[in-house]
Amino acid sequence: MHIVMPIFQDANGLAIKFFIQKDIAQEIQAELCEVVASLGGRVEAKVPRQGYVLVQPGTAEEERLRLCWMAQDRPQRHFVPYTYVEACKIAGMQLKQIFVENGLPVKMHIHPSIANINARTTLSQRIMHSGGDPTSSPQSAKIILADPNTEVFQHLVKTYQGIPDKHVESYLWVKKCVEKGSLVYTPLIYKNPGGRRPGEERTPFTEDDEQRLCEWIAAKIPYKQTGGRTGNRLYQQLCEMIADPEYAWVSRHTWQSWRERYKKNAVRLDTMIAQIVDQKKPVPGEQGQYGYVRQDEENNKRPRKKRTKPAEQNLHKQEMIIGGINGNGAEVPVIVFDASPVESGPSTSRVFVRNSPAEEELEDGEDSEEWAVRIGNEPPPKWGKRPASEESETRNSRKRMKSDDSDSIQGTLLDPGVHLIDRTLQEIATEYRFTLEEVKEFYDQCGEMERTKNRFQKMRQILSSIGES
């Protein structure tokens, strides 16, 4: 069973002592003695060293008692209206003397803006029951109580806000202090009358803020050349760390403010970051959100293909497959002459030997250079160049051939010049053991008989040397 301690007993169970002003009506004194006793207290015939002196406010005797017995060396002796006893009974507790400083009542002034008489009376009693003095003038009062719903209230705040140890409070403030059991003044919040300057943060950045910001960037992006230090994500990730106790400092600013702080001070902060990185020396590939310093990426763009004229297209894309049998009867490897343009690399060799052990020599040796073919508009290979005398003869031969259609040899049987060309081509095919179609095809493309003969002569030499190896 919970036992309620009488409200007029101290923590040790001893009765709290009271003294009653002698000129108060006897009926009131008798009633006070009865109530005090019922609540565990005791009325004394003399003023106690510590306890309560019950007075009638505004009387000469009250003033005399205060002058005689109120002293700073007796801070536990309190002067209260005799209505204090009934107020404690109604409240169900002993009301604390919170409006007392240095053993003396705190001086208060009830401003006329609190116009209601009953409200003023109740406010005055509540102040006195808790040890304060509500009868002071505005000039001498430490606390001015006013109605916050009036225009004069803000005027009073502005008037007295610069005076030390002077406070303007709402009349509701008194009740809050009594309920809390302590005297707490409403703090003044100073606002910048001119507003923030352009670019100034609402919460100023400290040196500690900058140091931590630099440590974060150094851990995530140790090297500036990798990029990313001005990106939004870096600072959004920082603010996502707020839940971590070690990152409680992040909440001082928004991610936008952290980002702007770096952007506006990048040169200075980069130096700090570099010093941090130099001390920690991150291992390549193990530190930093975006890795170590990225190498320049290779240019993998394909070279644009050069558009060829329709007349040249047949020659560039033609493959001449030349086959034969060597003297031992063994099959000769197939050689492919691919004259089509390549997509990468400046190599001029287009000779490939299939299933041949000498393939590397043909690719990379002197023979590959010797038998290279012309690609696109590149200069002709060495073997394709002719002496000046041969060049003039060839030019005259081409002029004669321009008037004829290269695809209509069989249609001009009556022309003795055509018969001579056919016979010569047949002789080349027979001598070097190639088909007439292969020889004619090459001749039709180049239009030069001597070049055709030299071509197949050297091809036969290559094939013979391959068969012997």
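**Note on the predicted model**

1. Arg66 is partly exposed, because its relative accessible area is 24%, and values from 20% up to 50% fall between buried and exposed. This is a predicted model. Arg66 sits in helix 2, which spans residues 60–69. Setting aside residues within four places in sequence, Arg66 has contacts with Phe79 and Pro105. Phe79 falls within the span of strand 4 (77–81). Val55 is eleven residues from Arg66 along the chain, and their C-alpha atoms are 9.4 Å apart.

2. Now the overall picture. The protein has 469 residues, and 35% of them count as buried. It contains 17 helices and twelve strands. About 30500 Å² of surface is exposed. Carbon and sulfur atoms supply 51% of that area. Take the contacts with a separation of 6 or more: 62% of them join residues 24 or more positions apart.

3. Next, the four-stranded sheet. Its strand order is 2-1-3-4. The sheet is open, and the pairing is parallel. Which strands stand at the edges? They are strand 2 (42–43) and strand 4 (77–81). Each has a single partner strand, so one side of each lacks a neighbour in the sheet. Helix 1 (residues 26–38) packs on this sheet and touches strand 1, strand 2 and strand 3. The direction of helix 1 makes about 175° with that of strand 1.

4. Look closer at one pair in that sheet. Strand 1 covers residues 17–20, and strand 3 covers residues 51–55. Three bridges join them in the parallel sense. Ile20 stands opposite Leu54 of strand 3. Strands of a sheet pair through backbone hydrogen bonds, either parallel or antiparallel.

5. There is also an open sheet of three strands. Its order is 7-8-9, again with parallel pairing. Strand 7 (108–110) and strand 9 (167–170) are the edge strands, and each pairs on one side only. From one strand to the next, the twist averages 25°. Strand 8 (residues 143–146) runs parallel to strand 9, and four bridges join the two. Two facing pairs can be checked in the model. Ile144 stands opposite Val168 of strand 9. Ala146 stands opposite Ser170 of strand 9.

6. Two helices lie across this sheet. Helix 4 (residues 117–129) crosses strand 7 and strand 8, at about 170° to strand 7. Helix 5 (residues 151–160) lies across strand 8 and strand 9, at about 160° to strand 9.

7. Is strand 9 covered on one face or both? Both faces are covered. His167 and Glu169 are on one side, Val168 and Ser170 are on the other, and all four are buried. In a regular strand the side chains alternate between the two faces of the sheet.

8. Turn to the largest nonpolar core. It holds 21 residues. Which of them touch the most other members? They are Leu213, Ile217, Leu238, Trp258 and Tyr262. Four helices each supply at least two residues of this core: helix 7 (207–220), helix 8 (232–239), helix 9 (255–264) and helix 10 (266–280). A second core of 18 residues is separate from it. Among its members are Ile24, Tyr52, Leu54 and Ala87. Leu54 is also the residue opposite Ile20 in the four-stranded sheet.

9. Leu238 deserves a look of its own. Beyond its neighbours within four places in sequence, Leu238 is in contact with Leu213, Trp216, Tyr247, Trp249, Val250 and Trp258. Of these partners, Leu213 and Trp258 are listed with Leu238 among the core residues touching the most other members.

10. Last, Asp209. This residue lies in helix 7. Is Asp209 buried or exposed? Asp209 is buried, because its relative accessible area is 1%, and buried means under 20%. Its side chain makes two polar contacts with side chains worth checking. One joins Asp209 to Arg252 at 2.9 Å. The other joins Asp209 to His253 at 3.0 Å. Not counting residues up to four places away in sequence, Asp209 touches Pro204, Arg252, His253 and Trp258. Trp258 is also a member of the largest nonpolar core.

Methods. Residues numbered from 1 in each chain as written. Predicted model: local features only at pLDDT ≥ 70, side-chain atom pairs only at ≥ 80, totals over all residues. Heavy atoms only, no water. Core = buried A, V, L, I, M, F, W, Y, C linked by side-chain atoms within 4.5 Å. Buried < 20%, exposed > 50% of the residue type's maximum accessible area, 1.4 Å probe, protein only. Contact = heavy atoms within 4.5 Å. Pairing = 2+ DSSP bridges. Axes fitted to C-alpha atoms, helices over the stretch in contact; angles between N-to-C directions. Areas by Shrake-Rupley, 256 points an atom, 1.4 Å probe, with all protein chains shown as cover. Polar contact = N/O pair within 3.5 Å; in protein donor to acceptor, adjacent residues only side chain to side chain.
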